[in-house]
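Hi,

Here is the structure I promised to pass on. Have a look, and then read my notes underneath.

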Amino acid sequence: MINDKLSAYLGFAAKARQLQKGYNTCLSLIKRGKVRLLIVAEDSSPNTIDKMTTKCLSKGTDFRIFGKQEELSKVTGSSGNGIFAVTDGNFAKVILKEIDRIQSEGVMC
């Protein structure tokens, strides 16, 4: 389950238009070096996860495989999305820190 703090950060980023969603949009932003953090839902297809993580590694972009599509979509005010790109460095920093904290505690979504 995504905690309240992470939900708030993702919601703030979405409202500030610093959170983009969708496969093609995120792929394009990664190629242009605009992404500070990429979040890919755990239940995305293996091919999607592989393609996005490979692209992030080649561009030196931080990424995390975290959460379920339904939960992430609900928190960000969209539906059916499993790939999210945070384009602001400050939002990326706090969201990354919170995801790492949740994963290190073993509280998986």
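Below is what I found in the model.

A few ground rules: this is a predicted model, in which local features need pLDDT of at least 70 and side-chain atom pairs count only at pLDDT 80 or more, while totals for chains, interfaces and linings use all residues. Residues are numbered from 1 along each chain as its sequence is written, and side-chain values use heavy atoms, with hydrogens and water left out.

The largest nonpolar core (buried Ala, Val, Leu, Ile, Met, Phe, Trp, Tyr and Cys joined through side-chain atoms within 4.5 Å; buried is under 20% relative accessible area with a 1.4 Å probe, protein chains only) has 19 residues, and Leu 6, Ile 39 and Ile 95 touch the most other members. At least two residues each come from α1 (4-15), β2 (37-40), β4 (83-86) and α5 (89-105); helices (H or I, at least four residues) and strands (E, at least two) are DSSP runs, numbered from the N terminus. The largest share, 6 residues, belongs to α5. Another core of 12 residues lies apart from it, including Cys 26 and Ile 49.

Now the strands, which pair if DSSP finds at least two bridges between them. β4 pairs in the antiparallel sense with β1 (residues 19-21) over 3 bridges and with β2, also in the antiparallel sense, over 4 bridges. Lys 21 stands opposite Phe 84 of β4, and Val 40 has Ile 83 as its bridge partner. Ile 83 and Ala 85 point one way from β4, Phe 84 and Val 86 the other, and all are buried.

Best wishes

Conventions
Buried means under 20% relative accessible area, exposed over 50%, partly exposed in between (1.4 Å probe, protein chains only).
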